[in-house]
Amino acid sequence: MHSALAEAHSPVATTKDRRLRLIWKDPKTGRYSHVGWLEALADGRYCFRYTPEAVDIDGFTYVSQYPDPSQTYVSEVLPAFFANRVMNRRRPSYDQYVGWLGLDPDALPVEIMARTGGGRATDFYQLVEDFNLREGRCEGRFFISGMRHVIPGLELLGDLRPGQELALKDEPHNPVNERAILLNADGHPVGYLPDWLVDDAHRLRQEGSVSIYVDQVNHDAPPHLAVLCKLEATVV
């Protein structure tokens, strides 16, 4: 159950605890746009609102559960639109799954979505970290993309170690994404920065410096969950 509260009168402004960005991928152009915020509040409630820019994004239509872009929606429980993006705790593989994410079995749903993106085959949305500098720094985690599509890629999995720094290499001639960023370990490519994170990485490098470190290596996980990384950005 949720209610819509006018933004100007919302009581949530000073109780934010955890905030994720809702990203929409245009199915025609492949472009990623930040369309909303999901906040897990300190009092246990959840809050959703659209970004001011969402109304001007070509092709974007509002989520049926949140039809009014001028409202802030507050609920006592995690709304179904988001809850359906988290693996059920009763599934036998749940503990192993959250272990691959670098989380404990009792991790909050927002933390699980922050690591996985909460993507579904039936739509074009993802929940991601808020990679915006605060007090001159920010950090967040993500999984390396495309390890199956580069050489040596997955062949280096056994050589990667937690804390190892990965180098960023722009690929302006990449046929899929001219802003693509390749990640290298000791001069060898292991995969790519996820497409949804590419624009943030370019922006953060312009504002200061960006470092990428291996956070966890999952040898028994599917390729898209094989290497968890940490991004750290600071203003120089």
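In the predicted model, strands β3 and β4 form a hairpin in which four residues lie between the two strands, and Gly44, located in the turn, has a positive phi of about 95 degrees. The two strands, of which β3 comprises residues 32–41, are paired in the antiparallel sense over five bridges, and within this pairing Ala40 has Tyr46 of β4 as its bridge partner.

Strand β4, spanning residues 46–50, is mostly covered, with five of its five residues buried. In a regular strand the side chains alternate between the two faces of the sheet. In β4 both faces are covered, since Tyr46, Phe48 and Tyr50 on one side and Cys47 and Arg49 on the other are all buried. Strand β4 is also joined by four bridges to β5 (residues 71–75), the two running antiparallel, and here the bridge partner of Tyr46 is Ser75 in β5. Tyr46 is thus bridged to Ala40 as well as to Ser75.

A further element of the model is an open sheet of six strands, which are arranged in the order β7-β12-β11-β8-β9-β10 with antiparallel pairing. Its edge strands are β7 (137–143) and β10 (188–192), each of which pairs on one side only. On average, and with direction ignored, neighbouring strands of this sheet are turned by 35 degrees against each other. At the β7 edge, seven bridges join this strand to β12 (residues 227–234), the two strands running antiparallel, and Arg137 stands opposite Thr234 in β12.

Methods: Residues numbered from 1 in each chain as written. Predicted model: local features only at pLDDT ≥ 70, side-chain atom pairs only at ≥ 80, totals over all residues. Heavy atoms only, no water. Pairing = 2+ DSSP bridges. Axes fitted to C-alpha atoms, helices over the stretch in contact; angles between N-to-C directions. Buried < 20%, exposed > 50% of the residue type's maximum accessible area, 1.4 Å probe, protein only.
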